[in-house]
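Here is a short briefing for a first look. Start with the sequence and the structure.

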Amino acid sequence: MHISEGVLAAPVLIGGGALTVIGTAIGLHRLDYDRIMHTAILTAAFFVASLIHVPIGPGSIHLVLNGLLGILLGWACFPAILVALLLQAVFFQFGGLLVLGVNTFNMAAPALLCGYLVRPFLARPRGRALAGFAGGAAAILLAAVCMALSLALSDRGFLTTAQLTVAANLPIMLIEGFITMFTVTFLAKVHPDILSGGRP
C-alpha cells in the first residue's frame, strides 16, 4: 500500500501533498482534544497493523485499518495516518518522506469517505455488523484504487503494476472487513459512545 520514493511524477507528488495538508489542517481543527488519547491509540494501532504481513504468493500484503480509523476518528484520521506513516518512513523505510503526502491521502481520503458512508448505519443494531464490514473492506479497495491511480498518472508504464496492486489487495479487503466488523460490534456493546464520538 506504500508507494516508494522515486516512483511518482512531480505533479502527483505536489497534488497529493497539497491535499494531505488541507485534510490534515481540517482534521486538526476538528479534533476533539478530550479524545487525544483515543486518537493516539488508533494511530499506534495503524502503525503496528502494518507489521502484520499476510503471505500472498511470492509476496505479502499487510493490514492497514484505515477504514476503522475513518469510522472512529472522522477528519482526525488525516493527522493520525500522517503521523503513523511518517514514523514508518523514518524507522522502517516504508514509503518515504517525499511520497508521504500521496501515501497519506491514498489511505486517509478513502477512510474518511467510508466513515461518512457507514456512520448512519452504525446506530442501527441490525445493520451495524454489515456497515462495519463494508466500511473496512471499501476503505482498502478505494485506497488500492487511489494508489493505482497515483501510479498510472505518473507513468502509463505502471498500468500493469497498478492493476496488480488492486488485485493483490482483494484478500486484505475481506480480512479488514471482518476485523472492522468485529471491532465495531464489540465497541457498540462495551463503549458505544466511541462510535459517535468522531467529528466527520
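The points below cover the model, the annotated spans, one helix pair and the cysteines.

This is a predicted model: local features need pLDDT of at least 70, side-chain atom pairs count only at pLDDT 80 or more, and totals for chains, interfaces and linings use all residues. Residues are numbered from 1 along each chain as its sequence is written, and side-chain values use heavy atoms, without hydrogens and water.

**Annotated spans**
- An unreviewed UniProt entry places "transmembrane region" at residues 7-29, 35-56, 68-91, 97-118, 130-154 and 166-188. Such annotations may be inferred rather than shown by experiment.
- Residues 68-91 are 88% helix and 0% strand, with end C-alpha atoms 24 Å apart.
- Residues 166-188 are 96% helix and 0% strand, and their end C-alpha atoms lie 31 Å apart.

**Helix 1 and helix 4**
- Helices are DSSP runs (H or I, at least four residues), numbered from the N terminus.
- The axes of helix 1 (residues 10-30) and helix 4 (residues 77-92) come within 7 Å and cross at roughly 120°.
- The two helices are therefore oblique to each other (not under 35 degrees, over 145, or 65 to 115).
- Contact (heavy atoms within 4.5 Å) involves Leu 19, Thr 20, Gly 23, Thr 24, Gly 27 and Leu 28 of helix 1, and Phe 78, Pro 79 and Leu 82 of helix 4.

**Cysteines**
- The whole structure holds zero disulfides (cysteine sulfur pairs within 2.5 Å).
- For Cys 77, the nearest cysteine sulfur is that of Cys 114, 10 Å away.
- Cys 77 is buried (under 20% relative accessible area, 1.4 Å probe, protein chains only), because its relative accessibility is 0%.

Note on methods: Buried means under 20% relative accessible area, exposed over 50%, partly exposed in between (1.4 Å probe, protein chains only). Axes are lines fitted to C-alpha atoms, for helices over the stretch in contact, and angles run from 0 to 180 degrees between N-to-C directions.
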